[in-house]
Amino acid sequence: MSLSEKIQLIPRKHIKDSRGWFLKVIDGKEENLPTYTGEVYFTNALPGQFKGGHYHLKATEWFTLIKGNCDLYLVDIETEEQMIVNLSSDNPITVYVPSKIAHSFLNTGSDEYILVAYNDVLYDPKDTIPFDFNYL
């Protein structure tokens, strides 16, 4: 199975009105969701900065950019296949990233980005393996 077949890009509806906006990143109907709750977290990065740079042997993650722009670099550690997904809060999608896929986010915008993520297992430092994206 190729990397593009392992990854899922899930369109999301960004609802805006005079008060602000609403964006649901997990609605409980997605494929591959576990039967229990893992972790939900937010992270940001300043322009030109990378976040991530690792893969997991067990954990599966879902990522949705809620502010800004970034490129998500993906590498299948078993096949070395590479992929870049351009993310923008103007066109929100959720990216499903299974285990054994290295991932790193580069802020390509002129302002910070804010990313929300869901991890299907509790954090275990032994399951976060650094990955060198510098060779790309």
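**Exercise 1. Is F133 buried or exposed, going by its relative accessibility?**

Keep in mind that you're looking at a predicted model.

- Step 1: Look up the value for F133, which is 12% relative accessibility.
- Step 2: Compare it with the cut-off: buried means under 20%.
- Step 3: F133 therefore counts as buried.

**Exercise 2. Work out how the rings of F131 and F133 are arranged.**

- Step 1: A ring pair is described by the distance of the centres and the angle of the planes.
- Step 2: For F131 and F133, the centres sit 4.9 Å apart and the planes make 70 degrees.
- Step 3: Centres within 6.5 Å make a pair, and an angle over 60 degrees makes it edge-to-face. So F131 and F133 are an edge-to-face pair.
- Step 4: Now look for neighbours: ring pairs join Y55 to F131 and F133 in a cluster.

**Exercise 3. Describe the pair F50 and Y73, and say why it ties together separate parts of the sequence.**

- Step 1: The structure has six aromatic pairs, and F50 with Y73 is one of them: the centres are 6.0 Å apart, with 50 degrees between the planes, which is tilted.
- Step 2: Find the strands. F50 belongs to strand 5 (residues 50-55), while Y73 belongs to strand 7 (residues 69-76).
- Step 3: Those parts are 23 residues apart in sequence, so the pair ties them together.
- Step 4: Check the surroundings of each ring. F50 is partly exposed at 46% relative accessibility, whereas Y73 is buried at 18%.

**Exercise 4. Put the strands of the open sheet in order and find its edges.**

- Step 1: Read the order of the five strands: 8-7-10-5-12, with antiparallel pairing.
- Step 2: Strand 8 (82-88) and strand 12 (129-130) each pair on one side only, and that makes them the edge strands.
- Step 3: Go along the sheet pair by pair. Strands 7 and 8 share seven bridges, with D71 partnered by N86 in strand 8. Strands 7 and 10 are joined by seven bridges, and D76 stands opposite I101 in strand 10. Strands 5 and 10 have four bridges, including the one where K51 is partnered by F105.

**Exercise 5. Explain why strand 10 is described as largely enclosed.**

- Step 1: Count the buried residues in strand 10 (residues 101-107): seven of the seven.
- Step 2: Split strand 10 into its faces. One side has I101, H103, F105 and N107, the other has A102, S104 and L106, and all are buried.
- Step 3: Both faces are covered. With seven of its seven residues buried, strand 10 is therefore largely enclosed by the rest of the structure.

Terms used
Residues are numbered from 1 along each chain as its sequence is written. This is a predicted model: local features need pLDDT of at least 70, side-chain atom pairs count only at pLDDT 80 or more; totals for chains, interfaces and linings use all residues. Side-chain values use heavy atoms; hydrogens and water are left out. Rings of Phe, Tyr and Trp (its six-membered ring) pair if their centres lie within 6.5 Å; planes under 30 degrees apart count as stacked, over 60 as edge-to-face and the rest as tilted. Helices (H or I, at least four residues) and strands (E, at least two) are DSSP runs, numbered from the N terminus. Buried means under 20% relative accessible area, exposed over 50%, partly exposed in between (1.4 Å probe, protein chains only). Two strands pair if DSSP finds at least two bridges between them.
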